[in-house]
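Let us work through some exercises together, each with a solution that goes step by step. Have the sequence and the model open beside you as you read.

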Amino acid sequence: MRIKSLELRAKVVVEGLWKGMHRSPYHGFSVEFSEYRAYVQGDDPRYIDWKVLARSDRTYIKKFEDETNLRCQLVIDHSKSMGYGSLGFTKADYAATLAATLASFLMKQGDAAGLTTFADGIEDHLPARNRPGHLRRLITELERPAKAAGTSLAVSISQLADLLRKRGMICLISDLLAPVEHLEKQLALLGAMGHDLVLFHVMDRAEIDFTFDKSAHFRDLESGTERFIDPQIAREAYLKRLQAHRDTIQTACDRHNVEYHFCPTDRPLEEVLFDFLSARQRKKAGKSSAIAA
Amino acid sequence: MNWLFPLYLAGAAAIIAPILLHLRRRPPQDRVEFSSLLFLDAQTPVPVSKRRLENWLLLLLRCLALILLALMFARPFLRSESAASTSPDRATLILIDGSASMRREDLWKRAAAEANRAARDSKITDRVAVAVFDRKLMPLWSFEEDRTTAASRVAEIATRLGSASPSWSGTLLDRALIDAIALFDSSTASLKKRILLISDLQEGTHLDALRSIAWPSDLSLQVQRLDVATVDNFSVALAASEEDRSADAPVRIRLSNTRDSQLRDFKLAWQDAPQSDSISAQIPPGASRILSAPPNSTRATSLTLSGDKHDFDNRVFIAPPQPRTVRIHFLGDDATRQQASSPLYYLARALQPTATLAPQLAASPVLPAQSPDILFVSGVTPGAETQPRIRDFLRRGGFLVHVVTSPADAGFIQAITGAASIAITAGKEDEDYRMLAEVKTGHPLLKPFADPKLRDFTKLRFWKHRVIQGMGASGPLETLATFDNGQPAIVSARIDKGTLILLASGWHPGDSQLALSTKFVPLLYGWLAAAGFSHDPAATLFVGDDLPLDAAQSHVVTSPDGATQTLKPGEVFIATQVGLHQVQAGVNRQIIAVNLPPDEGRVLPLEPQKLADYGVKLAAAADTDAAPSAAEQQRLSAVETEQRQHGWWWILVALLAVLLLETALAGRSRHSAAAAQTA
């Protein structure tokens, strides 16, 4: 988060991940030429360009762009509660970096990424694309400051369902600090529409542990209401309620096959991304094995 | 310890407030922004009070400050000293303003009534003196008279005040107060001294001289200001005249309106002049304007302003033009007056009368019996029988201009100056014309050419000149100007009181272009000025000024009210009235205008406190009652003792020290609290 530019931040995370993984997790078949590369032992001889070999007596591998078959819609919570942060950056910053990283990663491997921001309703919507300049547009959108509004998950997801007609992946990045009674219903709706749902639950460390020690007037960022709280007294109840809230979400996700990632803001993004990708691979493997069975 | 206002001590009870405030727990003011209160319980109750005091040192200082404040307002003093210093008898000098501004409404009557009341209210053992002042102090009833005839004090003061009246003079309160201090003689040494000033205390009052003295600590001044119904007033005064000095030059007037005045419209007119000789206009409040007086077709001598209620300062007197006569004699034939080639012809035409000077030019080959003021000699050499008279004329202060025309003049010059080596020779005939090369324009005799604009002598040509030789460096003769061949052109000498000017070339066309040049008339009038006939107009005179009289002559002065006073030589006449004064000195009669001092027209009242700014010790308000009761007397003495001891002042110092300490301590504790919070 020390890097100011969101684009650069995302790039650093993705590059690091790329190097760490050594291997692209996806190898789709190629239809569109990308570049030539000298053949090294172990490369699949299917990809050797014979015409070049005939002309120049050199073995070259012809690389192709992977075919785009994934449409990922990044859905970012832009409510005021996302403006909270105790580590020098806010949850909104973290969410934006996460979204930019995901978009960058997906677009680098040829998938289309779109962006939707919401608070008490859908604010902005960029359909999933994979065109030159789309990432920049997406990042510009992500850098826009959050609007002053509360969170209404139910309304937002309902509106989103209307917007996303084509099936694809939906990455919902939110702190989910809103009543979740209707969340399960909305998740079920999106699942029924054939979308692949991933939920990134972003929370600040101070929210998770409630690490306050002095009595003070606590002001709700979304509603503006103030309440005098003695943390010593209130902590226990707070943690209990938060855990219940998380459990509710977790249960709803499990029930509707939603991939749930809990993301405290002090957790490195590489880790989150790695977890995400691992989970994707596991899911893919699971699907393959299920089909095989 | 006694208290002047003990009720204020109750104010010390206010210390309960800081104690309560220290006991009260300040609800935490910290505000924390949190993402959501979704999982937080209802509000925790805010604690209100503490069981024990915190910051007791701060509390102590705050209580102490409140107690000191109450003590200060209660005005403490020590009774023992007060009893010792109190004296029942007073020495009061009643000082009445008698300046021109007291002519407004019934101010003078009220002032006299106040003075009479003060005299009546004083005890028989008190000492009372009365004095009236304007530009100077005039005692009416002295402490010495009061000491010897105290019983008849009231009647005597009333009689003397009845015969007095306000003057036309300005108000020099500073001088009057300084002189009044000296009126308290040794008989009043053991008494409580005070001056009771009864005045309108107008803005134009002079106070500056009060800064030059140290006001006696045992003398207090009680001011009884008399106010009028309205202070709105126009005032008019003469303004400095412009360069135009002719008799018909317009008179310039300075017109002022008081601040916040309701008046706007005024009318300025010459006395008894027709309607056409007046100006009707407006002047805003607080403004001062200089304007030209209306045309004076009737040759009136006073301008009158109308439009306000107070007319004491609404007249300006202007003396009619009275050019001074200058008797000038030309030693030569009067018949040449009409001959364009003769020097007299040009002299007669150059010496024209002006607004201030009336030259009378006479011409004859012999010196007249009555010595002229200025003597011109050109073309002739005074004979041996005339020379002693001319020498005598010069020694008595005469002014002689001699054009050297022949070598025979050397003997005449030698006889007058005593310089035996003087020789005159004719200049070379075949020579080209000469011009002036070096002119001492700084010399008093060539004063008109001191202005660099008038120093161009290059158009002035001398066809013929004589050579004056043998002057010597140490002789009485001094060269004022030389020709371009280095020979002297104008030479002067002081002979006793008189002045001699020698010209090496004449001004008539036969000798030079001087008479036809622009330099001639200024040169002549410069010589007239050097002879004591200044062209400058007389200074404006105000009431209280000395009339400009010739100390060598006796005069008869007729005041505006018709009173006549004969003055011996050397005696002075101080103007006490506004108006035209006639001064007769021998055959000469001069009219001198005396006006009201302009400051007297500034009638807005001053606050008595203004006097305190000049170091005057003002009496306390409680000190004003003339005959207090016993209880009142005791209270008054307490007031005075308290004022002398200044106990409250020390408490104030202590209070400030406590407050400083409290501020420092509070700042420190706040800082440490903030540091702890940051940590």
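Two strands count as paired if DSSP finds at least two bridges between them. Keep in mind throughout that this is a predicted model.

**Exercise 1. Describe the surroundings of strand β5 (residues 127-133) of chain B, beginning with its partner strands.**

Step 1. Start with β6 (residues 137-141) of chain B: β5(B) pairs with β6(B) in the antiparallel sense, over 4 bridges. The bridge partner of B:F133 in β6(B) is B:L137. These two strands form a hairpin, with 3 residues between them.

Step 2. Now turn to β4 (residues 90-97) of chain B, which pairs with β5(B) in the parallel sense over 7 bridges. Here B:I96 stands opposite B:V132 in β5(B). Between β4(B) and β5(B) the chain crosses through helix α4 (residues 107-121) of chain B, and this β-α-β crossover is right-handed.

Step 3. Next, look at burial: 7 of the 7 residues of β5(B) are buried. In a regular strand, side chains alternate between the two faces of the sheet. In β5(B), B:R127, B:A129, B:A131 and B:F133 point one way, while B:V128, B:V130 and B:V132 point the other way, and all are buried.

**Exercise 2. In what order do the 9 strands of the open sheet in chain B lie?**

Step 1. Read across the sheet: the order is β17-β16-β18-β19-β26-β25-β24-β21-β22 (chain B), and the pairing is mixed.

Step 2. Find the edges. They are β17 (357-364) and β22 (461-462) of chain B; each has a single partner strand, so one side of each is left without a neighbour in the sheet.

Step 3. Zoom in on one pair. Strands β19 (residues 399-403) and β26 (residues 498-503) of chain B run parallel and are joined by 5 bridges. Within this pair, B:V403 stands opposite B:L503 in β26(B).

**Exercise 3. Which residues of helix α8 (residues 343-350) of chain B are buried, and what covers them?**

Step 1. The buried residues of α8(B) are B:P343, B:L344, B:Y346 and B:L347.

Step 2. Check how they are arranged: they cover an arc of only 165 degrees around the axis, which puts them on the same side of α8(B).

Step 3. Look for the cover. Among the elements over these residues are β16 (324-331), β17, β18 (374-378) and β19 of chain B.

**Exercise 4. Locate the largest nonpolar core and the residues with the most contacts inside it.**

Step 1. This core has 58 residues, and those with the most contacts inside it are B:I374, B:F376, B:L400, B:I468, B:W527 and B:L528. Helix α11 (residues 520-530) of chain B gives the most to this core, with 5 residues.

Step 2. Take B:W527 as a case. Leaving aside its neighbours within four places in sequence, B:W527 is in contact with B:F399, B:V401, B:L445 and B:I501.

Step 3. Then look for a second core: a separate one of 56 residues includes A:Y94, A:M107, A:L177 and A:L273.

**Exercise 5. How many residues does each chain bring to the contact between chains A and B?**

Step 1. Chain A brings 27 residues and chain B brings 16 residues. On the chain A side, β8 (216-220), β9 (226-229) and α8 (231-255) each supply at least two residues. The largest share of that side, 7 residues, comes from α8(A).

Step 2. Sort the chain A side by class: 13 residues are nonpolar, 5 polar and 9 charged.

Step 3. Follow the strands across the chains. β8(A) pairs with strand β2 (residues 31-34) of chain B in the parallel sense, over 4 bridges. A:D220 stands opposite B:F34 in β2(B).

**Exercise 6. Buried or exposed: how does B:R75 count, and how does B:R299 count?**

Step 1. Place the first residue: B:R75 is in the loop between α2 (56-74) and β3 (76-77) of chain B. Its phi is near 55 degrees, a positive value in a residue other than glycine.

Step 2. Count its neighbours. B:R75 has 21 C-beta neighbours inside 10 Å, so it counts as buried; the cut-off for buried is 20 or more.

Step 3. Place the second residue: B:R299 is in the loop between β13 (288-292) and β14 (302-306) of chain B. The phi of B:R299 is also near 55 degrees, a positive value in a residue other than glycine.

Step 4. With 9 C-beta neighbours inside 10 Å, B:R299 counts as exposed, the cut-off being 12 or fewer.

Terms used: Residues numbered from 1 in each chain as written. Chains lettered and ligands numbered in written order. Predicted model: local features only at pLDDT ≥ 70, side-chain atom pairs only at ≥ 80, totals over all residues. Contact = placed C-beta atoms within 7 Å. Nonpolar A, V, L, I, M, F, W, Y, C, P; charged D, E, K, R; others polar. Core = buried A, V, L, I, M, F, W, Y, C linked by C-beta atoms within 7 Å. Arc of directions from axis to C-beta. Right-handed = clockwise from strand over helix to strand, strands pointing away.
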